Amino acid sequence: MDTLNQTRVIEFVFLGLADNWVLKILFFMAFSTTYVLTLWGNILILVTIVFTERLHIPMYFFLSNLSFIDLCHSSVTVPKMLEGLLLERKTISFNNCIAQLFFLHLFACAEIFLLTIMAYDRYVAICTPLHYPNVMNMRVCAQLVLALWLGGTVHSLVQTFLTVRLPYCGPNVIDSYFCDVPPVIKLACADTYLTGVLMVSNSGTISLTCFLALVTSYTVILVSLRKQSAEGRRKALSTCSAHFIVVVLFFGPCIFIYTRPDTSFPLDKVVSVFYTVVAPLLNPLIYSLRNEEVKIAMKHLRQRQVFFMKSCT
């Protein structure tokens, strides 16, 4: 409690992505377009899966959860980043900074766990197809999703506590465009070595362990494909390659940032943009919008909407 009472900083100032106004305008146009497309793409997938009964199966249940997480994940950082590109002085209150940090880690960790679960789902579907209906029924899927949210909440609470417990009594300039543990704890008026080690043991270990589990899962799947027919191999490779691309695009930046708390590189901002802005847009494109079943379901929904509108006129 005494540590919290020493907190004097009431707001933080972001350095942002650029100082040049031309670059700021270009970034604003590019990232605002990306954000709108992210919202549109993920909402479209959510609506399609919810209102298409034949898509109420484990694979698409997980995809709908991924779209929801991507909506939330991008909305934690992108609106504030866009605001900062239009303002000369980019500030955030201490409490809002902590809230942003909490929700950033909540949704990022939830996505890491979800991608791991989705890899397990593909492993069971491809390697043990006869047992799939029993192993991955909807009840089990719901329990897994509940578990990933609980895990993400615990992880985020730990990260938030590690940050809040430190005293902030002077420097308040964050060399980033959003609040995250590594840049924020650098401003603390105390030794942060132990906090950095705990952060790596939490975020870094989760990212690296889940990534290794994913690589192992996909390796086993690829080995087992030798027993499949040519058509089965083609479908499995198409699905798994899409999954693995998303895994690399999301896990790569997380491992790059959260396995080295005491050092920073100029590339950090670029990497952060990739997993907070770009990845949430690529997920619906790679996972769902190139999926034939999803595209057919979207077409049917459009036709039903047209029919409804005609019947009303």
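**Notebook: disulfides and helix packing**

I counted the disulfides first, and the structure holds 2 of them. The model is a predicted one, and I read every value below with that in mind.

**Entry: the Cys-97 pair.** I looked up one disulfide in detail. Cys-97 is joined to Cys-179, with the sulfur atoms 2.0 Å apart. I then placed both ends. Cys-97 sits in helix α4, residues 94-127, while Cys-179 is in the loop between β3 (173-174) and α7 (181-185), so the bond ties together parts that lie 82 residues apart in sequence. Next I checked the torsion about the S-S bond of Cys-97 and Cys-179. It comes to about -120 degrees, so I noted this disulfide as left-handed.

**Entry: α4 against α8.** Having α4 on screen, I turned to its packing with α8. Their axes come within 9 Å and cross at roughly 15 degrees. Angles under 35 degrees count as roughly parallel, and α4 and α8 are therefore entered as roughly parallel to each other. I recorded the crossing of α4 and α8 as left-handed.

**Entry: α8 by itself.** How far does α8 reach from its first C-alpha to its last? Helix α8 covers residues 193-224, which is 32 residues, and I get a reach of 45 Å, close to the 46 Å expected at 1.5 Å a residue. I also looked for a bend in α8 and found one of about 35 degrees at Thr-205.

**Entry: α2 against α3.** I moved on to helix α2 (residues 21-50) and helix α3 (residues 58-86). They pack at an angle of about 160 degrees, and their axes are 9 Å apart. That makes α2 roughly antiparallel to α3, the cut-off being over 145 degrees. The crossing of α2 and α3 is left-handed. I sorted the residues of the α2 contact with α3 by class and wrote down 20 nonpolar, 7 polar and 2 charged.

**Entry: α3 against α6.** I kept α3 and took up helix α6, residues 138-164. The angle between α3 and α6 is about 25 degrees, with the axes 10 Å apart. α3 and α6 are therefore roughly parallel to each other. Which hand does the crossing of α3 and α6 have? I entered the crossing of α3 and α6 as right-handed.

**Entry: recap on hand.** For my own index, I list the crossing of α2 and α3 as left-handed, the crossing of α4 and α8 as left-handed, and the crossing of α3 and α6 as right-handed.

Notes: Residues are numbered from 1 along each chain as its sequence is written. This is a predicted model: local features need pLDDT of at least 70, side-chain atom pairs count only at pLDDT 80 or more; totals for chains, interfaces and linings use all residues. Side-chain values use heavy atoms; hydrogens and water are left out. Axes are lines fitted to C-alpha atoms, for helices over the stretch in contact, and angles run from 0 to 180 degrees between N-to-C directions. Helices (H or I, at least four residues) and strands (E, at least two) are DSSP runs, numbered from the N terminus. Angles under 35 degrees count as roughly parallel, over 145 as roughly antiparallel, 65 to 115 as roughly perpendicular and the rest as oblique. A crossing is left-handed if the near helix is turned anticlockwise from the far one by less than a right angle, and right-handed if clockwise. Ala, Val, Leu, Ile, Met, Phe, Trp, Tyr, Cys and Pro count as nonpolar, Asp, Glu, Lys and Arg as charged, and the others, Gly among them, as polar. The expected span of a helix is 1.5 Å times one less than its number of residues. The bend at a residue is the angle between axes fitted to the seven residues ending there and the seven starting there. A disulfide is a pair of cysteine sulfur atoms within 2.5 Å.
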